[in-house]
Amino acid sequence: MTSLAVRSIESGYGEVQILWGASVELGPGKLTTILGSNGAGKTTLLRTIVGLLPAWKGNVLLDDRDVTRLSPHEKAELGLVLVPEGRQLFSTLTVLENLEMGSTPKHARATMRATIDQVFGLFPRLAERQTQLAGTLSGGEQQMLAIARGLMSKPRILMFDEPSLGLSPLLTMNLFEIIRRLKRESLTMLLVEQNVQMALAVSDHAYVLERGRITIEGPAREVRGMEQVRKSYLGL
Amino acid sequence: MSLEALLPSAIDGLMLGFVYGLAALGLTLIFGVMKVINLSHGPIIALGMFAVFILFSGFGVNPYLGVLAAALVGLLLGVAIYFVAVDRVINATELTTLLATFSVNLMIIGVATVIFTTSPRSIDIDLGALRAGNVTILGTHGVAVAVAILVAAALYGFLFRTRPGKSIRAVANNRAAAELMGIDSRRMLALAFGIGTALAMTSGALLATLFSFTILSGGTYELKSFVIVVLGGLGNPTGALVGGLVIGLLEGVLTVFIPVAWVPVVEYVIFVAVLLLRPAGLLGARA
Ligand SMILES: Nc1ncnc2c1ncn2[C@@H]1O[C@H](COP(=O)(O)OP(=O)(O)OP(=O)(O)O)[C@@H](O)[C@H]1O
Ligand SMILES: [Mg+2]
């Protein structure tokens, strides 16, 4: 089981600073969630963790190894994988090719066939559409493929950015079922999710990100009970 | 004008079209993958010609082995050009990448002109000919077509059947997502540039077995490549192959009616007309 520590991260776009020293810890085998309103900087934080954006200050530690300056593909090779917001599929590649690209890290290649069977077990719809171009899938199917592609890399730490976006209520239930299953297999995960209610229900630990700073942190159960969280994020 | 007189030059042009298509394939691959218009394309074609020439006249190497050598040198040269000139400006505006590859063009032409001078060269090979009626197909032309088809097929096999090929397509489609999946996108861009360069050099090498040439001959074929690529849709490999055949055929037929010197003019007109009327190319944009 792998852990991830994000220490006092600062980053942003051009001159505009978005993150102001955010710190987050993902315990080994634990599911952690980050709450925050639109524009709080959740996606920016995830992009900085994987290296799509450079960290201006602070560190990212993977099992105590400093990986802050590694490029995204080097981090994926180490098992740190993000299922990005908005799917970001290879639209001109087939479903099967998207999955194959998911298994690029060396530790994932040898078992690619078996992993493909596994994700087809989770998403039978994808099995039916193997040879179809990813760009022609329905929104829900595309989201399934994005998640399946992430699983293909045999991640040690898997981060989701808004995975239920565009999914029907039924597919959202399926998604959370899959997340629970991965949790039972002790995969370390980070979940950013608009469906705060469900996210808090499955998570072990929770953070609240406000204007680039972590303002609340604690066990998910406790965070769920907090007055401020209930008002701002659960609409209660 | 009778069909009988037209047929031989039509066939000749069509066959040449395969070799043009190969050069255009290199140009369009580089553009399709990294949105860089490679202005060093022409000089690289000329280097392909001279690679075969040097090996043949200097060392007695069979010209077709020379073609193979040109392809390999092209791959290495392309990777080197990518890291020296293109990588540093890959995220810059299109004008910047144009200038970067144009400076490579100037460097190659400058150095190669000093070494090779601009005097015409040719490679003397005779593979006989095939005759049917008034149609004559030279052996060298037949082999050039066969090699071009083989290389194009190999490229498709590579892009659609191998992991590096699929990775190049993934990077072309979404570089950030490719990185997230563990693909070293910089390496894939360098490889794609290398392959594009290898295609241009191969095409030049084949042309050297057909016609005489100078170090400046690449320019003519660069123009043809641009016309073909625009005709077939920028970044579309199949379009480049079809466009190559169209331009080859057109050239073959045109030269029956008008002086050869006018052919580039017609090609320019087509180029501008397509850009104005069908900017996505006659075959339409790639999905
Ligand atoms: N490419 C960009 N260039 C400039 N500013 C950006 C860019 N992307 C995001 N921002 C800004 O950074 C801030 C944080 O955006 P971010 O996408 O991280 O928010 P988020 O918490 O993920 O929001 P959401 O819940 O809507 O996905 C916003 O103010 C946004 O406008
Ligand atoms: Mg976001």
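Select Arg169(B) and Glu97(A) to begin, and show their side chains: in this predicted model the two meet in a salt bridge, with 2.9 Å from N to O. If you colour the model by helix, you can see that the pair crosses between chains, from Glu97(A) in helix H3 of chain A, residues 95-102, to Arg169(B) in helix H6 of chain B. Between chain B and chain A the count is two salt bridges, whereas a search of the whole structure, over all chains, finds twelve.

Next, keep the view on this boundary and select every residue of one chain that touches the other. The contact takes 18 residues from chain B and 26 residues from chain A, and together the two chains bury about 2,000 Å² between them, with 59% of that area on carbon and sulfur atoms. Now pick out Arg163(B), Leu180(B) and Met181(B), which supply 40% of the area that chain B buries against chain A, more than any other three residues.

Polar contacts are worth displaying here as well, and the count between chain B and chain A is nine residue pairs, both residues of each pair being at pLDDT 80 or more. On the side of chain B that touches chain A, helix H6 (163-173) and helix H7 (175-180) of chain B each supply at least two residues. Which helix gives the most to that side? The answer is H6(B), with six residues. If you then colour the side of chain B that touches chain A by class, you should find nine nonpolar, four polar and five charged residues.

Stay with chain B, but move to helix H2, residues 41-59, and select its two end C-alpha atoms. At 1.5 Å a residue, the 19 residues of this helix should span 27 Å, and because the end C-alpha atoms of H2 in chain B are 27 Å apart, the model agrees with the expectation. Just after H2(B), select Gly60(B), whose phi is positive, near 70°.

Finally, turn to ligand 1 and show the residues around it, among them Ile18(A), Ser37(A), Asn38(A), Lys42(A), Thr43(A) and Glu162(A). Three polar approaches can be followed one by one. Begin with Tyr13(A), where an N or O atom in the side chain is 3.4 Å from a nitrogen atom of ligand 1. Then select Ala40(A), which has a polar backbone atom 3.3 Å from an oxygen atom of ligand 1. Last, select Glu85(A), where an N or O atom in the side chain is 2.8 Å from an oxygen atom of ligand 1.

How values were computed. Residues are numbered from 1 along each chain as its sequence is written. Chains are lettered from A and ligands numbered from 1 in the order in which they are written. Side-chain values use heavy atoms; hydrogens and water are left out. Helices (H or I, at least four residues) and strands (E, at least two) are DSSP runs, numbered from the N terminus. The expected span of a helix is 1.5 Å times one less than its number of residues. Contact means heavy atoms within 4.5 Å. Buried area is the accessible area (1.4 Å probe) that two parts lose on being put together, summed over both. A salt bridge is a side-chain nitrogen of Lys or Arg within 4 Å of a carboxyl oxygen of Asp or Glu. A polar contact is a pair of N or O atoms within 3.5 Å; within protein, one must be able to donate a hydrogen and the other to accept it, and residues adjacent in sequence count only if both atoms are side-chain atoms. Ala, Val, Leu, Ile, Met, Phe, Trp, Tyr, Cys and Pro count as nonpolar, Asp, Glu, Lys and Arg as charged, and the others, Gly among them, as polar. A residue is near a molecule or strand if one of its heavy atoms lies within 4 Å of it.
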